[in-house]
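Q: Please take a close look at a single part of this model and describe its surroundings. A connected account, set against the whole chain, would be welcome.

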Amino acid sequence: MQRLNFPNHTKTVIKSRNNESFEENLNGALVYIQTCNHSTITLTGRATKIIIENCNQTKIILNNIIIITSICEIINSEALELTISSKLSLITIDRTNSLILNIGNLSMVGNIITNCSHSINILNTSNNCNYLIPEYTHETFAIEYPGLDFSIAQFLTIFNEVSNNLQTTIVKREGIHGYFAQETQDRLNKS
């Protein structure tokens, strides 16, 4: 583990930890977990944001951690398991395959945005329910959303408290940096 100090905040980097099981108590830092394989990482304390990148067959446990921005990003990872017992307003999942999200209560997670990812499985541990975020190939996407470029599509999944279920809708990335702008499915189908 490496700590980098910046004038206004701290960055904790957990890098290249393989075949290990350990706990990290955080002190309000941005947490960057990179290239960890076959490991179990338990995070406690406070963090500003959590970024997980290039991790394979790793289990990450957010154990009553306070995430100030309530954001967790998962990028370019395989066979990852993330256990969440804290409130998160946003989880972004980009170029990630075979992800299991263990969530104690689905209402603790605001939005889940996925892009170019497959086999995203959400387990609600409070009532033993299992949800799979819908997957699209280029072919099935072209049939369901004709005229929309697959490479700029993201999917927004939210918990609907009325139906007590997850709902997934399409989101279109816009701008030169690919930031998304939420649009309803009806508006996209009209364009």
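A: Leaving aside neighbours within four places in sequence, valine 109 is in contact (heavy atoms within 4.5 Å) with Leu88, Ile91 and Ile103. The model is predicted: local features need pLDDT of at least 70 and side-chain atom pairs count only at pLDDT 80 or more, while totals for chains, interfaces and linings use all residues. Residues are numbered from 1 along each chain as its sequence is written, and side-chain values use heavy atoms, with hydrogens and water left out.

Valine 109 lies in strand 11 (residues 109–115); strands are DSSP runs of E, at least two residues long, and helices are runs of H or I with at least four, both numbered from the N terminus. The relative accessible area of valine 109 is 5%, and the residue is therefore buried, a term that means under 20% with a 1.4 Å probe, protein chains only. Between valine 109 and isoleucine 71, the C-alpha to C-alpha distance is 9.8 Å, at a separation of 38 residues in sequence.

As for the whole chain, 2 helices and 16 strands are present, and 44% of the 191 residues count as buried. The largest nonpolar core (buried Ala, Val, Leu, Ile, Met, Phe, Trp, Tyr and Cys residues joined through side-chain atoms within 4.5 Å) has 36 residues, and Ile33, Leu43, Ile50, Ile52, Leu62 and Leu101 have the most contacts inside it. Strand 4 (residues 40–53) gives the most to this core, with 5 residues. A second, separate core of 8 residues includes Leu148, Ala153, Phe155 and Ile170.

Key:
Buried < 20%, exposed > 50% of the residue type's maximum accessible area, 1.4 Å probe, protein only.
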